[in-house]
Amino acid sequence: MKDLIKYIAQALVDNPDIVEVSEVLGEQTSVIELRVAKEDLGKVIGKGGKTAKAMRTILSAASAKVRKRAVLEIIE
Amino acid sequence: MNTLEIEGKNIDEAIEKACREFNVPREKMNIEILSEGSKGFLGLVGTKKARIKASLLSLDVALEKDFEPPREIKEAAPARKVVEPKKTSAAAIEPGENAAGEAKELLQGILSRMGLKFPVSVEETAEAITLNIKGDGSGLLIGKGGQTLDAIQYILNKAVGKSGRDKRMIVLDTEEYRDRRDEYLIALAAKLGGKVKKTKKPLTINHMSARDRRVIHLALKSDEALTTRSRGEGAYRKIIILPSKKE
């Protein structure tokens with residue numbers, strides 16, 4: 001899951017080297033934290049949160065496959 | 001020619017059942033939507049099943065066995081750590097090929113990280129780059145109302161479009177979902193349009209994506225007696241079908 005978000009985020013931003021993803025594992029639900037460069041924040045959130053929403057949708061599809069839940073947090 | 005009436009939770013499911021029943025791909029069947037089904041109230045009261053009537057288009061295809069997509073496992077795209085904005089000497093770039101290749105690579109990267117190793121084919125026209133994923137029929141990639149497919153498509157457009165070289169739209173499709181969806185929407189538009197004409201009262205369809213709304217608008221455009229409009233904001237934009245002012 002972590003790799004998936006990292007991969008997508010790196011494709012979207014201007015500074016792929018500054019993309020950092022960490023995963024806090026839970027029994028059922030894991031939280032994926034995404035950190036990007038300040039000027040790229042808008043790129044991963046998108047207009048009205050549209051990009052963030054798309055990433056979350058992809059994430060839920062991917063985690064549904066392994067019967068888990070994952071939530072994406074974008075950290076400022 | 002045998003015709004079957006098939007029920008399902010929704011039209012997509014009913015069509016899928018029909019495909020299995022006849023063992024042919026969707027496009028080789030003639031499908032008539034009898035009732036659309038509804039989730040009812042809170043999924044408890046008044047649930048109605050979707051019903052379709054399905055028959056084969058012609059006899060000679062009846063035994064074709066190519067329905068089950070071969071589960072070939074394609075090698076995962078070579079892991080690309082960093083998608084660097086390519087600052088190659090601009091003149092040498094053939095804009096088309098580059099964007100399509102980039103989109104395909106990116107898509108395969110996303111799929112392999114989702115644990116899905118499906119082959120992807122690319123088709124290019126002057127207006128769009130179409131990426132077709134050969135899925136396993138599970139619908140996982142499509143999601144409710146196509147939301148997963150749309151999300152990946154949106155990301156691809158963002159990521160590939162940011163270099164700004166190629167202005168073409170990237171369209172993502174799997175298991176003929178886009179065509180099936182169009183068919184369903186056009187049938188829905190026709191049905192609701194008929195209802196509006198009969199009752200002379202406007203009808204609202206639940207919020208749907210811009211693409212889906214466009215299909216409905218276009219389907220009813222030629223009908224003089226009806227007008228279509230969108231109302232609401234963002235993801236909650238709904239479509240309204242109303243009777244035209246002049247009779």
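**View 1. Polar contacts and salt bridges between chain B and chain A.** In this predicted model, five residue pairs are in polar contact between chain B and chain A, counting pairs with both residues at pLDDT 80 or more. Salt bridges are another story: the count between these two chains is zero.

**View 2. The elements of chain B that touch chain A.** Look for two helices here: α2 (95-113) and α3 (147-161) of chain B are the elements that give two or more residues to the side touching chain A. Of these, α3(B) gives the most, with eight residues. Sort the residues on this side of chain B by type and you get 13 nonpolar, four polar and six charged.

**View 3. How much the two chains bury.** Here 23 residues of chain B meet 21 residues of chain A. Between them, the chains bury about 2,000 Å², and carbon and sulfur atoms give 72% of that area. Three residues to pick out are B:R113, B:Y154 and B:I155, which supply 28% of the area that chain B buries against chain A, more than any other three residues.

**View 4. Chain A by itself.** Chain A has three helices and three strands, and going along the sequence you'll meet them in the pattern α-β-β-α-α-β. Of its 76 residues, 45% are buried. Take the contacts in chain A with a separation of 6 or more, and 51% of them join residues 24 or more positions apart.

**View 5. The exposed surface of chain A.** About 4,200 Å² of chain A is exposed. Carbon and sulfur atoms supply 47% of that exposed area.

Technical notes. Residues are numbered from 1 along each chain as its sequence is written. Chains are lettered from A and ligands numbered from 1 in the order in which they are written. This is a predicted model: local features need pLDDT of at least 70, side-chain atom pairs count only at pLDDT 80 or more; totals for chains, interfaces and linings use all residues. Side-chain values use heavy atoms; hydrogens and water are left out. Contact means heavy atoms within 4.5 Å. Buried area is the accessible area (1.4 Å probe) that two parts lose on being put together, summed over both. A salt bridge is a side-chain nitrogen of Lys or Arg within 4 Å of a carboxyl oxygen of Asp or Glu. A polar contact is a pair of N or O atoms within 3.5 Å; within protein, one must be able to donate a hydrogen and the other to accept it, and residues adjacent in sequence count only if both atoms are side-chain atoms. Helices (H or I, at least four residues) and strands (E, at least two) are DSSP runs, numbered from the N terminus. Ala, Val, Leu, Ile, Met, Phe, Trp, Tyr, Cys and Pro count as nonpolar, Asp, Glu, Lys and Arg as charged, and the others, Gly among them, as polar. Buried means under 20% relative accessible area, exposed over 50%, partly exposed in between (1.4 Å probe, protein chains only). Accessible areas come from the Shrake-Rupley method with a 1.4 Å probe; for residues, only the protein chains shown count as cover.
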